[in-house]
Amino acid sequence: MESTFTINEGMIRRYDQTFSFIQKHLPKERRVLDLGITNPFSDLLIEKGYEVSNTNGEDLDIQPDVVKKFQGIEFVTALEICEHLINPMGVLSQLPCDKLIASIPLSLWFAKAYRSKTDPWDRHFHEFEDWQFDWLLEKSGWEVKASEKWTSPTGQIGIRPFLRKFTPRYYIVYAERAK
């Protein structure tokens with residue numbers, strides 16, 4: 001499936017933060033399964049020397065075992081996908097390797113969960129607090145080894161844009177399968 005995403009300034013900042021974290025934990029020239037369809041970030045990983053496969057848009061709530069068909073995978077990236085799933089534990093527990101990098105938007109007390117007005121599939125079923133996501137990973141068989149948070153300033157004027165300057169919006173973790 002081809003990428004149909006438009007990249008904006010906020011995405012570029014988020015991609016920079018995400019890639020910086022990935023470089024610390026994911027050596028180049030590794031076989032990576034990126035959950036979700038091909039997207040600008042998976043294209044960036046390929047450009048930077050990673051061998052990336054993507055799922056093909058399957059509903060990972062209904063078909064969590066689709067990830068088992070990917071052989072020889074050394075890492076999985078689940079970058080801002082778990083919040084779209086009703087039961088992310090299903091797919092997280094079936095990942096075909098022992099290393100995971102996952103990111104999520106954090107729940108913010110001053111903003112409701114995201115819901116696209118034009119795309120019925122682009123919605124967040126969950127927006128987690130960091131401890132909730134860590135717990136989900138733990139219950140799915142993962143142990144968080146490293147994590148980071150970052151803000152998402154918009155440059156707009158108002159109370160919410162002001163709060164976004166210093167309130168972490170994104171959370172990323174490196175996890176290994178628990179022994």
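This report looks at one buried threonine and at three salt bridges in a predicted model.

A quick word on the ground rules. Because the model is predicted, local features need pLDDT of at least 70 and side-chain atom pairs count only at pLDDT 80 or more, while totals for chains, interfaces and linings use all residues. Residues are numbered from 1 along each chain as its sequence is written, and side-chain values use heavy atoms, with hydrogens and water left out.

**Threonine 55**

Let's start in a loop. Threonine 55 sits between strand E2 (51-54) and strand E3 (75-79); helices (H or I, at least four residues) and strands (E, at least two) are DSSP runs, numbered from the N terminus. Is threonine 55 buried or exposed? Its relative accessibility is 3%, so it counts as buried. Buried means under 20% relative accessible area, exposed means over 50%, and partly exposed is in between (1.4 Å probe, protein chains only).

What does threonine 55 touch? Leaving out residues up to four places away in sequence, the list is Leu33, Asp34, Leu35, Gly36, Ile37, Val67 and Phe70, where contact means heavy atoms within 4.5 Å. With glycine 36 there is also a 2.7 Å approach, between its backbone nitrogen and a polar atom of the threonine 55 side chain.

**Salt bridges**

Side chains of opposite charge can pair when their charged atoms come close. The structure holds 10 salt bridges, each a side-chain nitrogen of Lys or Arg within 4 Å of a carboxyl oxygen of Asp or Glu. Here are three of them, with their N to O distances.

| Residue | Partner | N to O distance |
|---|---|---|
| Glutamate 148 | Lysine 24 | 2.6 Å |
| Lysine 99 | Glutamate 176 | 3.7 Å |
| Aspartate 130 | Lysine 149 | 2.7 Å |

Take the bridge between glutamate 148 and lysine 24. Glutamate 148 belongs to strand E5 (residues 142-150) and lysine 24 to helix H1 (residues 9-25), so this pair ties together parts 124 residues apart in sequence. Glutamate 148 is partly exposed at 26%, whereas lysine 24 is exposed at 53%.

Next comes the bridge of lysine 99 and glutamate 176. The pair links distant parts of the chain, strand E4 (residues 99-105) for lysine 99 and strand E6 (residues 170-177) for glutamate 176, 77 residues apart. Lysine 99 is partly exposed, with a relative accessible area of 30%, and glutamate 176 is partly exposed at 22%.

Finally, there is aspartate 130 with lysine 149. Aspartate 130 is in helix H4 (residues 130-139) and lysine 149 is in strand E5, so parts 19 residues apart in sequence are tied together. Aspartate 130 counts as partly exposed at 23%, and lysine 149 is partly exposed at 43%.

Methods. A polar contact is a pair of N or O atoms within 3.5 Å; within protein, one must be able to donate a hydrogen and the other to accept it, and residues adjacent in sequence count only if both atoms are side-chain atoms.
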